Amino acid sequence: MNAVIFGATGMVGQAVLRTCLADPAVDRIVLVLRTPVPDTDPRIVQIIHRDFHDFSSLAGDLADLEVCLFCLGVTSAGKKEPEYRRVTFDITLTAARVLADVNPGMVFEYVSGQGTDSSERGRVMWARVKGETENAVIALPLRGYGIRPGFIRPMIGVRSKTRFYAAAYRALGWLYPMLARVAPNHVITSEELGRAMLAIAARRPDERIFDTASMKALIADDRPTR
C-alpha cells in the first residue's frame, strides 16, 4: 500500500503516521508538509510545499498512490466562517481534486469530527463546513470517507500542536477511563483511530461515514499495533 498523509505533524496525523510505520503492508508513505520533519524510515518521502491552496505542481509526485489520509485541520475557535472554510473546505478539496485526477478511485479519508453536519444546514458553523467538505469529497471520483472521532485520547508520544487542546488533554486525561466506561461510543484512543483508518484503507467498505462506534467495531477483532 502506498499512502499520502496531509497533516502528519498534528495529533491525528502523528497517530496515523505511527500506525503506517508499524504496518508492513504499507510500502511507501508520502508526507506533504510545509516544513521538513525528522525521519529515519526509508519508506517515508517528504514533499515540502508552501502553498496549500494549490497542489497542481505536485500531480506527478502524488501519482501511483492508493490511499490519502487527510488529517489536516484547524480549530474553529475565534474564526469567522469564511476564514474557517478557506482552510477546512478549500485546502481539503484542492488536494482531493488533484488526487482524483491522478489516482481515480483511490481511498481518501477526511478526518472531520463527531457532530459533523451532513445536511450542511445546521446552526453550528464548524459542523456545517465539515459536513460540506465530507459531502464534496465523497462526490469526487474517489473512494471517499468521512472519519468522525469523538474525544481522542493521545497515546505513545502523540501530542496536539494546539496549545489549548494540549493543555486540556494534560489536565483532563485522568477522566478518560471514566468516559470510556460511561460513553464508550464517544471516546477513542489515537492508536485505535490510526488502526481504524488503515483498516478502512485496506478493506474499502461500502459505508462512507465512520464515527467512533463504527471505527471501534471495525477493529474489534484486530490485534493492536505494537
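## Strand β3 and Gln46

Strands here are DSSP runs of E with at least two residues, numbered from the N terminus. In this predicted model, residues 44-48 make up strand β3, and Gln46 is one of the residues placed in that strand. With a relative accessible area of 24%, Gln46 is partly exposed, because a residue has to fall under 20% to be called buried and go over 50% to be called exposed.

Leaving aside residues up to four places away in sequence, Gln46 touches Leu31, Leu33, Pro36, Val37 and Asp39. Two of these neighbours also take part in polar interactions with the Gln46 side chain: the backbone oxygen of Val37 is reached at 2.6 Å, and the side chain of Asp39 makes a polar contact at 2.5 Å. A further relation links Gln46 to Ile5, since the two are separated by 41 residues in sequence while their C-alpha atoms are 9.9 Å apart in space.

## Helices α1 and α3

Helix α1 covers residues 11-22, and the distance from the first C-alpha to the last of its twelve residues is 17 Å, close to the 16 Å expected at 1.5 Å a residue. Its buried residues are Met11, Val12, Gly13, Ala15, Val16, Leu17, Thr19 and Cys20.

Helix α3 covers residues 125-139, with 15 residues that reach 21 Å from the first C-alpha to the last, close to the expected value of 21 Å. Buried positions in α3 include the charged-type names Arg128, Lys130 and Glu134 alongside Met125, Ala127, Val129 and Val137. The packing partners of the buried residues of α3 are helix α2 (81-102) and the strands β5 (107-111), β6 (143-148) and β9 (209-211).

## Nonpolar cores

In soluble globular proteins, nonpolar side chains tend to be buried together. The largest nonpolar core of this model holds 34 residues, and Ile5, Leu69, Ile147 and Met197 are those with the most contacts inside it. At least two residues of this core come from each of β1 (2-6), α1, β2 (28-33), β4 (67-70), β5, β6, α6 (190-203) and α7 (212-218). Helix α6 contributes the largest share, namely seven residues. Apart from this core lies another, of 30 residues, which has Val30, Phe70, Val137 and Leu142 among its members.

The surroundings of Ile147 can be followed residue by residue: beyond positions up to four places away in sequence, Ile147 touches Glu109, Tyr110, Val111, Ser112, Gly113, Glu134, Leu193, Met197, Ile200, Phe210 and Met215.

## Met215 and Ser214 in helix α7

Met215 is located in helix α7 and is buried, its relative accessible area being 0%. Besides Ile147, its contacts beyond four places in sequence are Arg148, Pro149, Ile188, Leu193, Ala196 and Phe210. One of these partners, Leu193, lies 22 residues from Met215 in sequence, with 7.3 Å between the two C-alpha atoms.

Ser214 is also found in helix α7, and a relative accessible area of 15% places Ser214 in the buried class. The residues touched by Ser214, again without those up to four places away in sequence, are Glu207 and Ile209.

## Cysteines without a disulfide

Why do Cys68 and Cys71 not form a bond with each other? The sulfur of Cys68 has its closest cysteine sulfur in Cys71, at 8.1 Å, which is too far for a bond, because a disulfide requires sulfur atoms within 2.5 Å. Seen from the other side, the closest cysteine sulfur to that of Cys71 is in Cys68, at 8.1 Å. Both positions are buried, with Cys68 at 0% relative accessibility and Cys71 at 12%. The count of disulfides in the model comes to zero.

## Positive phi outside glycine

Most residues other than glycine have a negative phi. Glu120 departs from this pattern with a positive phi of about 65° although it is not a glycine. Glu120 sits in the loop between β5 and α3 and, at 34% relative accessibility, counts as partly exposed.

Arg204, likewise not a glycine, has a positive phi of about 50°. The loop between α6 and β9 contains Arg204, and a relative accessibility of 37% makes this residue partly exposed.

Conventions:
Residues numbered from 1 in each chain as written. Predicted model: local features only at pLDDT ≥ 70, side-chain atom pairs only at ≥ 80, totals over all residues. Heavy atoms only, no water. Helix = DSSP H or I, 4+ residues; strand = E, 2+ residues; numbered from the N terminus. Expected span 1.5 Å × (residues − 1). Buried < 20%, exposed > 50% of the residue type's maximum accessible area, 1.4 Å probe, protein only. Contact = heavy atoms within 4.5 Å. Core = buried A, V, L, I, M, F, W, Y, C linked by side-chain atoms within 4.5 Å. Polar contact = N/O pair within 3.5 Å; in protein donor to acceptor, adjacent residues only side chain to side chain.
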